[in-house]
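Let's take a walk through this one together, starting with the overall layout and then moving along the chain. Have the sequence and the model open side by side.

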Amino acid sequence: QSIKLSFADIKSITEIGIDHSFLNYKKELVQYGYQVGKISLKKKTVLFNKID
């Protein structure tokens, strides 16, 4: 199971822009059972994969 969010969605949820503090955001996501998969700069989306 995975979730795809746009950069704008991520910013509205976390108040963190992809261009700023994104590595910290990736670390926090692991606590919730997700890891960052594919980041598409062209489509401005991030795919989060569920960790089994």
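The protein has two helices and three strands, and along the sequence they come in the pattern β-α-α-β-β. Helices (H or I, at least four residues) and strands (E, at least two) are DSSP runs here, numbered from the N terminus. Keep in mind that this is a predicted model, where local features need pLDDT of at least 70, side-chain atom pairs count only at pLDDT 80 or more, and totals for chains, interfaces and linings use all residues. Residues are numbered from 1 along each chain as its sequence is written, and side-chain values use heavy atoms, with hydrogens and water left out.

How much of the protein is buried? Of its 52 residues, 31% are buried. That word means under 20% relative accessible area, while exposed means over 50% and partly exposed is anything in between (1.4 Å probe, protein chains only). The areas themselves come from the Shrake-Rupley method.

Now head for strand E2, which covers residues 34-40. Val36 sits in this strand, and it counts as buried because its relative accessible area is 17%. Move along to Gly37, also in E2: at 29% relative accessible area, this glycine is partly exposed. Its C-alpha is 9.7 Å from that of Ile3, although the two residues are 34 apart along the chain. Then comes Lys38, another E2 residue, and this lysine is exposed because its relative accessible area is 63%. Ser40 belongs to E2 as well, and with 16% relative accessibility it is buried.

What does the side chain of Ser40 have close by? One of its polar atoms lies 3.0 Å from the backbone nitrogen of Lys43. That makes a polar contact, defined as a pair of N or O atoms within 3.5 Å; within protein, one must be able to donate a hydrogen and the other to accept it, and residues adjacent in sequence count only if both atoms are side-chain atoms.

Next up is the loop between E2 and strand E3 (45-50), where you'll find Lys44. Take a look at its backbone: phi is positive, at about 60°, even though Lys44 is not a glycine.

Carry on into E3 and stop at Phe48. Is Phe48 buried or exposed? It is buried, since its relative accessible area is 3%. Which E2 residue can you pair with it? Try Val36: the two are 12 residues apart in sequence, yet 4.6 Å apart in space, C-alpha to C-alpha.

After E3 there is a segment that holds Asp52. This aspartate is exposed, because its relative accessibility is 95%. Asp52 and Gln1 are 51 residues apart in sequence, with 9.4 Å between their C-alpha atoms.

Finally, turn to the surface. Lys4, Lys38, Lys42 and Lys43 form a positive patch, so you meet the exposed Lys38 again here. Patch residues have over 30% relative accessible area and no salt bridge, and like charges are joined within 9 Å (nonpolar side chains, namely Val, Leu, Ile, Met, Phe, Trp and Tyr, within 5 Å).

Methods: Areas by Shrake-Rupley, 256 points an atom, 1.4 Å probe, with all protein chains shown as cover. Salt bridge = Lys/Arg side-chain N within 4 Å of Asp/Glu carboxyl O. Lys, Arg positive; Asp, Glu negative; His and termini not counted. Charge placed at Lys NZ, Arg CZ, Asp CG, Glu CD.
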